[in-house]
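Colleague: I have the model open and would like to go through it with you. Could we begin at the surface and then work inwards?

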Amino acid sequence: ISSISWELPWVGCDHPWNTERCDGNYNKIHNCTGLLRPEVPQDGPGAKCWKGKWVLPTDGVYDTIKGQTPRRSSEEFFNREVLQVSDSIHDINYINWKLALCLLFSWTVIFVCLQKGIKSTGKVVYFTALFPYVVLIILFIRGFTLPGFEDGIYFY
């Protein structure tokens, strides 16, 4: 349901669930090989690759990133907004109603499918076995119609 919007919620790091470690441009996180700072070589003393640039111990952000690795904005959306993962197992949060209703809907669909008996289950199996392939073909065609699909293919 979150993906049915013009702006996807997991794009960007300006949401309430994002942390300081969020980096919306994750493809540049570990790609500091082409970036050279005149005052520091790539393997300079204490330099770290952070969000696509070299950071020195004298820079202001170095203390906040010490021992941390950047995270994708999509990873933070999934863990902090969708799943609402707590810090420890002893930290019990409230019930996530969106996930609970989704689970209830799933079990209701399964119950309705099995209610008529084994005769109608065969038809459901044909649908559930073939429908994912139809969706994958549609998404494959859609992916090739998007601008910049070559970059995605090259990336993977």
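**Surface, rings and helix 2**

Modeller: This is a predicted model, and on its surface Phe127, Phe131, Val134, Val135, Ile138 and Leu139 form a nonpolar patch with about 560 Å² of accessible area together.

Colleague: Which element is Val135 in, and is Val135 buried or exposed?

Modeller: Val135 sits in helix 4, which spans residues 118–145, and with a relative accessibility of 30% Val135 counts as partly exposed.

Colleague: And how exposed are Phe127 and Phe131?

Modeller: Phe127 has a relative accessible area of 52% and is therefore exposed, whereas Phe131, at 41% relative accessibility, counts as partly exposed.

Colleague: What about their rings, Phe127 and Phe131, how are they arranged?

Modeller: The structure holds 5 aromatic pairs. In the pair of Phe127 and Phe131 the ring centres are 5.0 Å apart and the planes lie at 25°, under the 30 degrees cut-off, so this pair is stacked. Along the chain, Phe127 and Phe131 are 4 residues apart in helix 4, which means that about one helical turn separates them.

Colleague: Which residues do ring pairs link into a cluster?

Modeller: That cluster is made of Trp10, Trp17 and Phe77, and Phe77 is also one of the buried residues of helix 2.

Colleague: Which other residues of helix 2 are buried, and where do they lie around the axis?

Modeller: Helix 2 covers residues 73–82, and its buried residues are Ser73, Glu76 and Phe77. They lie on the same side of helix 2 because the arc they cover around the axis is only 105°. What covers these buried residues includes strand 1 (22–23) and strand 4 (71–72).

Colleague: What happens just after helix 2?

Modeller: Just after helix 2, Gln84 takes a positive phi of about 50°, and Gln84 is a residue other than glycine. Most residues other than glycine have a negative phi. Gln84 is placed in the loop between helix 2 and helix 3 (97–115), and at 25% relative accessibility Gln84 counts as partly exposed.

Colleague: Stepping back, how many helices and strands are there, and in what order do the elements run?

Modeller: The protein chain has 5 helices and 4 strands, and from the N terminus on they run β-β-β-α-β-α-α-α-α.

Colleague: How much of the chain counts as buried, and what is the accessible surface?

Modeller: Of the 156 residues, 16% count as buried, while the accessible surface of the protein chain comes to about 12900 Å², with 65% of that belonging to carbon and sulfur atoms.

Notes:
Residues numbered from 1 in each chain as written. Predicted model: local features only at pLDDT ≥ 70, side-chain atom pairs only at ≥ 80, totals over all residues. Heavy atoms only, no water. Buried < 20%, exposed > 50% of the residue type's maximum accessible area, 1.4 Å probe, protein only. Helix = DSSP H or I, 4+ residues; strand = E, 2+ residues; numbered from the N terminus. Arc of directions from axis to C-beta. Contact = heavy atoms within 4.5 Å. Areas by Shrake-Rupley, 256 points an atom, 1.4 Å probe, with all protein chains shown as cover. Patch = residues over 30% accessible without salt bridge, like charges linked within 9 Å, V, L, I, M, F, W, Y side chains within 5 Å. Salt bridge = Lys/Arg side-chain N within 4 Å of Asp/Glu carboxyl O. Phe/Tyr/Trp six-rings, centres within 6.5 Å; stacked < 30°, edge-to-face > 60°.
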